[in-house]
Each structure stands twice: as structure tokens, then as C-alpha cells.
Amino acid sequence: MNSTTSQTDSAVSVRNIYKNYGDVEALRDMSLEFPRGQLTSLLGPSGCGKTTLLKIVAGLLPANSGQVLINGQPVSGPGPDRAFVFQDFALLPWASVLRNVAFGLELRKVPKSEREAIAEKYIANVGLKGFENSYPHELSGGMRQRVGLARALSVNAQVLLMDEPFSAVDEQTRRKFQEDLLGLVKNENKTFIFVTHSIEEAVYVSDQIAILLPRPSRVSEVIRPTGFRHKSVDSIRRDPEYLDIVDRIWASLRTYVQ
Ligand SMILES: Nc1ncnc2c1ncn2[C@@H]1O[C@H](COP(=O)(O)OP(=O)(O)OP(=O)(O)O)[C@@H](O)[C@H]1O
Ligand SMILES: [Mg+2]
């Protein structure tokens with residue numbers, strides 16, 4: 001599946017986006033292509049506009065100008081073709097884990113028994129079996145993040161918008177999630193847009209990495225790491241090519257970070 005995708009087969013196109021919040025200019029002429037079947041990471045300094053860009057692609061926030069196209073169609077609001085894993089979890093505090101995970105399906109009018117069966121499957125996949133009836137305040141940050149992840153995966157959207165989805169879990173769990181994510185990228189022809197602050201994570205999981213300028217942000221450089229996914233995480237850590245690419249990204253980011 002992946003071998004047939006090309007750069008021109010973009011599921012998501014971001015074209016000349018400008019976004020201001022009052023006097024704060026967040027994005028200035030941001031353009032980027034997100035090919036189907038691939039994972040694109042956004043790497044850039046805190047406050048540069050990564051979450052803003054994801055929200056605009058999700059249709060949750062309007063741009064001042066520019067266009068987002070999903071399969072060639074301009075985005076005019078949220079849609080079932082896109083699922084969002086929020087940086088701050090965005091769980092319903094009054095609802096159980098099961099209901100939170102099933103919530104995206106509830107919005108899509110999937111019948112209760114069917115959506116609960118699907119939700120249970122994804123709850124188990126993210127390692128939360130047994131916590132179906134717990135409430136968000138009873139969970140740790142990492143567990144809440146997993147609920148958000150299970151909810152996004154359960155709706156089976158074509159485009160997955162993931163805002164630092166692994167930031168609150170421990171290193172071991174993060175490793176497992178990275179491997180699970182790579183399994184999804186390999187097996188499902190979806191478009192993954194992934195925000196991370198970890199250069200190493202970006203190099204390991206990405207088909208392409210967009211390095212963003214500080215605010216007002218646009219793309220500074222797109223890097224395409226190759227060949228790291230099939231190696232074990234432990235062996236790539238000592239791989240000279242891997243170290244080169246990590247250095248190159250550091251150098252690129254260091255130019256802008258004072
Ligand atoms: N609702 C808002 N109202 C006003 N300003 C906002 C709002 N949301 C974001 N901003 C501003 O826009 C800029 C970009 O914010 P955004 O959250 O997109 O950055 P980010 O790259 O996701 O940062 P981080 O890596 O810290 O999550 C920041 O300067 C922020 O202060
Ligand atoms: Mg953010």
C-alpha cells in the first residue's frame with residue numbers, strides 16, 4: 001500500500017494559511033502537503049503554532065486566509081474523516097472511560113452496543129482493560145492520554161491529527177505506542193499528522209518531518225528520514241545515519257532558538 005503512494009497523492013493539503021489571534025500572528029503563509037499512507041511530524045519551538053495548525057486542519061478553528069483541502073475538497077468545519085488526539089486530552093470529566101472512548105462513535109450515531117464493543121477493543125489495545133468504568137479524575141495523566149488515543153483510533157477516520165499524543169506516558173509505554181503507531185501506518189492507508197517535541201521520536205516514526213519556524217510560523221525545511229523503522233529502537237540509537245539526521249535537525253532548530 002505504502003509503495004504506491006506518491007508525493008502527489010496528498011490526502012491533506014495546507015495552502016498559504018495565515019492565522020492571527022488578535023495582535024498575535026501565529027501562522028504566516030504556511031503550506032505543506034500530507035501524503036496518504038504516511039506520517040508527517042511537525043517539529044518546532046513551543047508556541048510556534050503546531051496546535052493552531054492541527055485545529056485549522058480539523059476544522060475547529062478558521063484561518064484568516066488560505067485553504068485546507070482534504071482529498072481535494074476545501075475544509076469548512078469538522079468532519080468524520082478526521083480524528084484529533086488533543087494535547088490536553090479533552091476528555092468528558094463526567095463520563096466513564098468507556099463512554100469517553102465511545103463518544104466519537106456516539107457523535108457518528110453508531111448504535112450503543114456496537115460502539116461499546118469497538119470502544120472496549122481500543123481500550124484493551126492501549127492497555128486500559130479493567131478501567132472501562134473509571135472516570136478521568138481517577139486516572140493518571142498518561143492513562144488519560146491513552147483514553148484520548150483510544151477515542152481517536154476507534155472512529156476509524158482517514159486523517160489522524162495527533163498533538164503530542166505520547167508526551168504524558170513513561171518511556172517504556174511510549175516505545176510500545178511508537179511501535180503500535182508504526183504498525184498502523186504500515187497497515188492502514190491513513191494520513192497521520194503528528195506533533196512531537198522529541199527529535200528522536202520524529203526521526204523514528206516519520207516519513208517526513210516538517211521543521212517549523214518560530215512564530216509567525218511557516219515551514220522552514222522538510223526532512224525525510226528513511227530506513228529507521230525496520231530497525232530496533234536500540235540499534236538505531238547507535239546508527240551513524242540516524243545520529244546524522246538528529247544532528248541536522250538540532251542544527252536547524254538551534255538556528256531559531258535563542
Ligand atoms: N486561543 C488563543 N488565543 C490567543 N492566542 C492564542 C490562542 N491559542 C494559541 N495562541 C497563541 O498562538 C501561538 C501558537 O500557539 P499554539 O498553541 O498553536 O503553539 P504550539 O506550537 O502548539 O505550542 P506548544 O509546543 O507549546 O504546544 C502562541 O503564541 C499562543 O500564545
Ligand atoms: Mg501545542
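In the predicted model, Val14 stands opposite Leu32 of strand 2, a pairing that belongs to the contact between strand 1, which spans residues 10-21, and strand 2, where eight bridges join the two in the antiparallel sense. These two strands are part of an open sheet of four strands, ordered 2-1-4-5, in which the pairing is antiparallel. The edges of this sheet are formed by strand 2 (24-35) and strand 5 (73-74), each of which pairs on one side only. Helix 1, comprising residues 50-58, lies across strand 1, strand 2 and strand 4 (65-70), and its direction is at about 120° to that of strand 1.

Helix 1 is itself mostly covered, with eight of its nine residues buried; these are Lys50, Thr52, Leu53, Leu54, Lys55, Ile56, Val57 and Ala58. Just after the helix, Gly59 adopts a positive phi of about 85°.

Helix 1 also takes part in the surroundings of ligand 1. The residues around this ligand are Tyr21, Val24, Ala26, Ser46, Gly47, Cys48, Gly49, Lys50, Thr51, Thr52, Gln87 and Arg215, and the elements that contribute two or more residues to this shell are strand 2 and helix 1. The largest share, three residues, is supplied by helix 1. In chemical character the shell divides into four nonpolar, six polar and two charged residues. Arg215, one of the residues around ligand 1, is joined to Pro216 by a cis peptide bond with omega near -10°, and Pro216 is located in the loop between strand 9 and strand 10.

A second open sheet is made of six strands in the order 6-7-8-3-9-10, with mixed pairing. Strand 6 and strand 10 (219-223) stand at its edges, and because each has a single partner strand, one side of each is left without a neighbour in the sheet. Neighbouring strands of this sheet are turned against each other by 15° on average, when direction is ignored. Helix 8, residues 240-254, packs on the sheet and touches strand 3, strand 9 and strand 10, its direction making about 175° with that of strand 10. Helix 4 (residues 141-154) lies across strand 6 and strand 7 (159-163), and runs at about 175° to strand 6.

Within the six-stranded sheet, strand 3 (residues 39-43) is largely enclosed by the rest of the structure, because five of its five residues are buried. The burial extends to both faces of the strand, with Leu39, Ser41 and Leu43 on one side and Thr40 and Leu42 on the other. Strand 3 runs parallel to strand 8 (residues 191-195), to which four bridges join it, and it likewise pairs in the parallel sense over four bridges with strand 9 (residues 208-212). Ser41 illustrates both pairings, since its bridge partner in strand 8 is Phe194, while in strand 9 the residue opposite Ser41 is Ile209.

Several loop residues may be described individually. Gly79 is found in the loop between strand 5 and strand 6 (82-85), and it is classed as partly exposed because 14 other C-beta atoms lie within 10 Å, a count that falls between the limits of 12 or fewer for exposed residues and 20 or more for buried ones. Gly79 is 39 residues from Thr40 in sequence, and the C-alpha atoms of the two are 20 Å apart in space.

Positive phi values also occur in residues other than glycine. Lys109 has a phi of about 65° and is placed in the loop between helix 2 (97-107) and helix 3 (112-125), where it counts as exposed because it has 7 C-beta neighbours inside 10 Å. For Glu164, phi is near 45°; this residue is situated in the loop between strand 7 and helix 5 (171-187), and it is partly exposed, because 19 other C-beta atoms lie within 10 Å.

With regard to confidence, the mean pLDDT of the protein is 90, and 95% of its residues reach 70 or more. Over residues 1-8, by contrast, pLDDT stays under 50, and for this stretch the model has 10 contacts beyond four places in sequence.

Definitions and conventions: Residues are numbered from 1 along each chain as its sequence is written. Chains are lettered from A and ligands numbered from 1 in the order in which they are written. This is a predicted model: local features need pLDDT of at least 70, side-chain atom pairs count only at pLDDT 80 or more; totals for chains, interfaces and linings use all residues. pLDDT is the predictor's confidence in each residue, from 0 to 100. Two residues are in contact if their C-beta atoms, placed from the backbone, lie within 7 Å. Two strands pair if DSSP finds at least two bridges between them. Axes are lines fitted to C-alpha atoms, for helices over the stretch in contact, and angles run from 0 to 180 degrees between N-to-C directions. A residue is near a molecule or strand if its C-beta atom, placed from the backbone, lies within 6 Å of it. Ala, Val, Leu, Ile, Met, Phe, Trp, Tyr, Cys and Pro count as nonpolar, Asp, Glu, Lys and Arg as charged, and the others, Gly among them, as polar.
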